[in-house]
Amino acid sequence: MELIQYAPATETVRQRPLVVVPPQINKFYVLDLAPGRSFLEHAVAQGVAAFTISWRQPGPGHRDWGLDTYVCAARKAAEVACEITGSEDCNVLGVCAGGIIVALLLGHLAAREDPRVHSATFGVTMLDTGTGSLIGELASDRSVAAAAWRSRRRGYLDGRDMARVFAWMRPNDLVWNYWVNNYLVGNDPPAFDVLYWNSDTTRLPAALHAEYLDLFQRNPLVGADEISVLGTPIDLRRVRCDCYVMAGATDHIVPWQACYRIPQLVGGKAEFVLSSSGHVQSIVNPPGNRKASYRTSPRRPRDPEAWLAGAEQHAGSWWTHWARWVGGRSGEHRPAPAALGSSSHPARERAPGRYVLER
C-alpha cells in the first residue's frame with residue numbers, strides 16, 4: 001500500500017488522526033472524487049488530520065496476499081499515522097470490503113489488548129453474511145467454488161469480472177440503459193466522475209478472493225473465535241471502541257439490514273445512520289444535495305424494521321452528522337503541522353501516488 005496524508009486546510013487540526021481503509025475491489029478516490037464531492041475534502045475542512053490507504057494493484061506474483069496481508073497493512077497504516085501526528089491512537093474508517101478489514105483489525109487489536117484504535121466508522125459494510133442479499137441469492141456452492149478456482153489459476157480476480165457481476169445486479173440501470181443509449185441510439189456516454197471511477201477496475205489476489213468467499217459462506221464474524229487473523233482469534237464482542245455505522249436505504253449490494261447487524265456484533269457503543277441513497281451514492285453524498293436525507297434513532301431494537309419505524313428523518317447529508325460524531329472523538333485542537341510526514345516516515349511524492357495509476 002501507499003499511505004496518503006492530506007495537507008491541513010485549517011489553522012488548527014484535531015490531535016487524533018483518521019485513517020481510511022478503502023475497499024480493495026475499487027480504488028480509494030471514490031472518497032476523494034472531485035472538489036465539492038469529496039468526503040475526505042469535507043473531513044479535512046473540519047480540522048480532521050486525514051490519512052488514506054491506496055492499495056497496490058496486485059498481479060499474478062501477489063496471489064498469496066490474503067486477509068493477514070491486508071490487516072497487517074491496515075495496522076501499519078494506523079501505526080504510521082499515530083507516529084506522524086504524535087497521537088497514541090487513531091480513528092479508522094472502512095468502506096465496503098475495507099470495512100471487513102477494519103472489523104478484523106479491531107478484533108485482532110482487541111485480542112492483543114491494544115488500544116490503538118479510538119473509534120471506527122463502517123460505511124456500507126456487511127459483516128453478517130447470513131442476512132439476505134442479492135449476491136447471496138445469486139451464489140451457489142458450485143458457483144463459489146468455480147470462482148475461487150478461476151482466480152487461483154490466474155493468480156487474481158480481474159476487476160472487470162467483478163464489475164459485470166455488480167452491473168447485472170441492477171440491469172435496467174447499469175446495463176440496458178447504456179446498451180440502448182450508447183449502442184442503439186449512438187450517443188456518447190455522459191462525462192460523469194462516478195462512471196469513470198467505476199470503470200477504473202482493480203484486481204483481488206487469489207488468496208484474498210478465496211478468503212472473502214470463505215467469509216461469505218461460513219459467516220464466521222457473527223460468532224466467537226471462528227476465524228483467526230495474524231495469529232489471533234477474532235471475537236467482535238471484545239471490540240469496545242465507539243462505532244459509527246452508515247448504510248444506504250437503496251443499496252443493491254449491501255442491504256441496509258445487513259449493516260444494521262454491526263452494532264449488535266461489536267461490544268462498544270454504536271451509532272447507526274441510514275442514508276437515503278444507494279451503495280456508491282451514499283458515499284458520494286456531499287452537503288447541499290437537496291434530495292439527500294438520513295435517518296437516526298437513539299433506540300436499537302434487534303429488528304431493523306422496528307428501528308426504521310421509529311427513526312427520525314433529517315434533511316441533508318450524513319457527512320455533517322458524522323463530522324460532529326467524529327469531532328467529539330478526535331481530541332483537542334492544535335496548530336496545523338507546517339510539513340507533512342515525519343523524520344521516520346518522510347513524504348515521498350505528491351498525492352495521489354503511484355499505485356492508483358496502475359492498470
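Does Asn26 count as buried or exposed, and what is its relative accessibility, are what I would like to settle at the outset: which of the two words applies to Asn26? At 15% relative accessibility, Asn26 counts as buried, where buried means under 20% relative accessible area, exposed means over 50%, and partly exposed lies in between, all with a 1.4 Å probe and protein chains only.

Before going on, I should say that this is a predicted model, in which local features need pLDDT of at least 70 and side-chain atom pairs count only at pLDDT 80 or more, while totals for chains, interfaces and linings use all residues. Residues are numbered from 1 along each chain as its sequence is written, and side-chain values use heavy atoms, with hydrogens and water left out.

Asn26 sits in the loop that runs between β3 (18–21) and α1 (39–45); helices here are DSSP runs of H or I with at least four residues, strands are runs of E with at least two, and both are numbered from the N terminus. If we set aside neighbours within four places in sequence, Asn26 is in contact with Trp197 and Thr202, contact meaning heavy atoms within 4.5 Å. Asn198, in helix α8 (residues 193–199), is partly exposed, with a relative accessible area of 41%, and its C-alpha atom is separated by 8.8 Å from that of Lys27, although the two are 171 residues apart along the chain.

Let me turn to helix α3, residues 97–111, whose 15 residues reach 22 Å from the first C-alpha to the last, close to the 21 Å expected at 1.5 Å a residue, the expected span being 1.5 Å times one less than the number of residues. Of those 15 residues 13 are buried, so α3 is largely enclosed by the rest of the structure. Just after α3, Glu113 takes a positive phi of about 55°.

Helix α2, residues 67–85, packs against α3 at an angle of about 75°, with the axes 9 Å apart, where axes are lines fitted to C-alpha atoms over the stretch in contact and angles run from 0 to 180 degrees between N-to-C directions. That makes α2 roughly perpendicular to α3, a term covering 65 to 115 degrees. On the α2 side the contact is made by Leu67, Tyr70, Val71, Ala74 and Arg75, and on the α3 side by Ile101, Leu104, Leu105, His108 and Leu109.

For the protein as a whole, the secondary structure comes to 14 helices and 15 strands, and 53% of the 359 residues count as buried.

Notes. Angles under 35 degrees count as roughly parallel, over 145 as roughly antiparallel, 65 to 115 as roughly perpendicular and the rest as oblique.
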